[in-house]
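Open the structure in your viewer and keep the selection panel handy. We will go stop by stop, selecting one element at a time.

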Amino acid sequence: MKRNNLAVLIVVFCLILAGGMINSGEVAASETIRLGFVADISGVGATFYKGQKAAVDLFIEEANAAGGVLGKKLEVIVRDAQLKPDIGANMARELILSEKCDFLIGPTSSAVALAATKVAQEFKKIIYFHTSNTEALTTTDFQPYMFQVVPNTGEEGRGAALFMSQRPYKRYAYIGPDYAYGHDQFKAFKGELGKLKADAELQEIVWVKLGETNFSPYIPILMSKNPEAIFSSFWGGQLSSFVKQAKPYGVFNKAALYSLFDLDMLRVTGMDMPEGLLGYSRCPFYAIDNPEMKAFVKKYYDKNKEWPADWAAMAYDGLIALTDAIKKANSTDSDQVVKALEGLKFKSLRGERYIRPEDHMANVGIYVGVTAKNPDFKDFLVLKDVVEVPAEKILLSVEEVKKLQAEKK
Amino acid sequence: MSAEYYLFMLINGLSQGMLLFIVASGLSLVFGVLRVINFAHGSIYMIGAFVAYSLSTLLTGTSLASFLLLLLVVPPAIALLGFVLEVSLFRRVYREEHLLQLLLTYALVLILDNVVRMIWGGDPRNVARPEILAGSVDLMGMALPTYNVFILLVGPVIALGLWLLLYRTRAGNVIRAAVSYPDILGALGVNVSWVMTATFMLGCWLAGLGGVLVAALANVDLSIGMEKIIECFAVVVIGGLGSVGGALLGSLIIGVGITFFQLPFGRWALVFPYFVMALVLIIRPWGLFGRPER
């Protein structure tokens with residue numbers, strides 16, 4: 001009897017181990033371009049990863065069907081960074097050294113990204129960031145072997161200030177997760193709001209532990225001074241929990257909420273999402289009208305039977321820029337591709353974009369709108385009346401970037 | 001800030017404490033009878049929440065009836081899971097030292113969490129509240145979510161139910177005897193091992209109930225189990241391992257503490273449970289309602 005149980009345990013363990021090993025690599029073929037994906041697969045990163053990986057796979061499929069890049073086939077090798085910077089750094093090293101990857105694809109977590117970018121610099125391998133978006137990657141922690149195709153935390157904070165200051169609100173409140181991402185956004189938001197609206201009053205600032213899903217202790221504090229507008233830096237599941245709980249506390253009757261309503265968050269919240277909330281999205285496929293996006297959405301939907309989340313579209317955009325640069329450089333040599341990347345104009349799913357040479361930041365803006373039901377999507381709400389806030393209005397100026405980059409050295 | 005505001009936060013905090021109590025009482029009860037510190041209690045609670053989610057997708061609408069059905073069906077299902085775990089695993093380690101038991105339950109955490117990951121994946125899940133509980137009630141001009149009021153009512157019902165069960169029924173007498181005099185109970189011809197199985201199932205039933213209740217409160221994801229077990233440990237250390245009354249007191253102290261101390265201390269209020277826990281450990285290491293280890 002005892003032995004049987006042990007056998008069952010061993011089988012279960014093997015299954016678990018097998019689950020983690022599925023992604024490990026095949027043998028390297030010589031005539032391929034190997035992309036090493038430092039991904040956050042487990043934990044709260046899982047939702048993000050699903051979209052990112054599906055988009056990367058789709059891109060590779062298409063590129064290979066069209067004869068590859070410089071005649072070489074693309075392939076992707078994935079490692080799980082588990083949202084942990086030290087593991088992320090190790091995985092990046094492993095992808096470069098053992099798996100002989102030529103380029104790296106970034107993770108979801110900014111903390112992992114900051115660790116991975118150092119490894120990329122050390123081995124002179126280009127890494128691009130599509131979801132992790134701390135501004136530090138392009139300023140204080142800038143290194144030339146990276147580029148970013150996601151609107152960064154600074155843009156998000158300043159974008160929030162810009163959008164909200166144009167409305168007649170005077171009394172503001174802030175609530176967000178108590179870690180770098182929240183603090184980065186808040187700092188940018190506070191600075192910009194002060195600049196744009198001298199009489200704006202930031203009344204209450206509430207920090208909540210990352211991952212906390214019970215907001216009963218925090219919501220009454222947030223509302224205690226009757227703010228007219230609230231900026232929240234929550235995202236994903238935590239934001240979904242916050243919105244669900246804020247509703248019966250009457251938050252939305254009293255104040256306007258502005259937050260990141262990406263497609264995954266909207267899908268999770270479903271019809272529990274109130275209408276009429278202010279929000280932004282990093283790359284909402286449904287609000288971007290151009291032939292590239294339309295074609296991408298169709299292919300993505302046909303293949304995955306699911307709409308592409310923001311992260312999916314941005315991961316795809318990064319590969320457009322990377323492969324364009326490889327073609328332009330006519331080489332996979334990192335230094336030559338970096339040279340090609342600087343100032344590169346590429347046809348992204350979001351329209352024509354370019355990579356700023358000074359900080360390797362793509363000029364990608366954010367998309368603001370109001371939550372509403374939409375007959376195209378039965379199970380969840382999306383943003384309507386979406387307007388793009390162009391990057392030029394909310395990116396740091398080249399001088400500011402250079403100053404920050406110099407500070408570190 | 002007005003006195004009404006403080007009262008509002010107090011009531012709000014009590015509702016938090018009640019939810020915590022439902023889960024922590026299960027942990028405490030299991031320890032009292034089985035003498036095993038069940039690290040996996042949080043994972044069992046999480047499974048309850050995920051099962052509630054899955055079942056809710058099968059039911060249509062957000063009526064009170066379908067929510068009550070969840071409350072009725074899911075906790076027994078989790079108790080059944082408890083039965084399997086107790087008979088196949090826990091039963092084998094009662095006579096072992098605490099360290100080994102802890103290793104077993106911790107291994108169980110890793111296994112159950114991965115099983116949940118395989119079945120439900122890493123996406124956060126949302127269970128809609130029944131319409132009748134989705135609104136709010138007016139409390140001195142402030143809106144208090146009806147659902148919090150609901151939890152505030154369910155908590156005492158469970159507490160009273162547990163008290164009646166333990167002190168007013170024969171089964172309760174046997175359970176209490178199993179806590180204090182397991183050897184004599186065995187000598188009297190009571191099948192102690194089935195008492196233990198039943199108690200473990202009751203503990204899991206409570207974890208499952210907590211899971212259903214939290215699923216409609218917040219999103220369900222892979223982290224809620226670990227989150228809750230840490231809070232539960234603080235509760236049982238404060239209240240005393242094995243004491244259901246202690247679990248009630250400990251839960252209310254922590255629920256009210258975290259909520260209420262947000263007012264003067266902001267995010268430092270999170271330190272409060274651990275502060276009380278440390279204080280209790282210094283002054284009365286066996287907890288406010290507990291008894292020293294024999």
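In which sense do strand β10 and strand β13 of chain A pair, and over how many bridges? Select residues 278-281 and 366-374 of chain A: β10(A) and β13(A) pair in the antiparallel sense over 4 bridges. (Strands pair if DSSP finds at least two bridges between them; strands are DSSP runs of E with at least two residues, helices are runs of H or I with at least four, and both are numbered from the N terminus.)

Before moving on, a note on what you are viewing: this is a predicted model, where local features need pLDDT of at least 70, side-chain atom pairs count only at pLDDT 80 or more, and totals for chains, interfaces and linings use all residues. Residues are numbered from 1 along each chain as its sequence is written, while chains are lettered from A and ligands numbered from 1 in the order in which they are written.

Now show A:Tyr367 in β13(A), the bridge partner of A:Ser281. A:Tyr367 also stands opposite A:Glu388 in β14(A). Add residues 377-389 to see β14(A), which runs antiparallel to β13(A) with 7 bridges joining the two. Between β13(A) and β14(A), which form a hairpin, there are 2 residues.

Next, select helix α12(A), residues 310-329. Its end C-alpha atoms are 29 Å apart, which agrees with the 28 Å that its 20 residues should span at 1.5 Å a residue (the expected span is 1.5 Å times one less than the number of residues). Of these 20 residues, 15 are buried, so α12(A) is mostly covered (buried means 20 or more other C-beta atoms within 10 Å of a residue's own, exposed 12 or fewer, partly exposed in between, with C-beta atoms placed from the backbone). Just after α12(A) comes A:Asn330, with a positive phi near 55°.

Stay with positive phi values and go to A:Leu83, in the loop between β2 (73-80) and α3 (85-97) of chain A. A:Leu83 is not a glycine, yet its phi is about 65°. A:Leu83 counts as partly exposed, with 18 C-beta neighbours inside 10 Å.

Over in chain B, pick B:Arg35, in the loop between α1 and α2 (41-58). Phi of B:Arg35 is positive too, near 60°, and B:Arg35 is partly exposed, with 17 other C-beta atoms within 10 Å.
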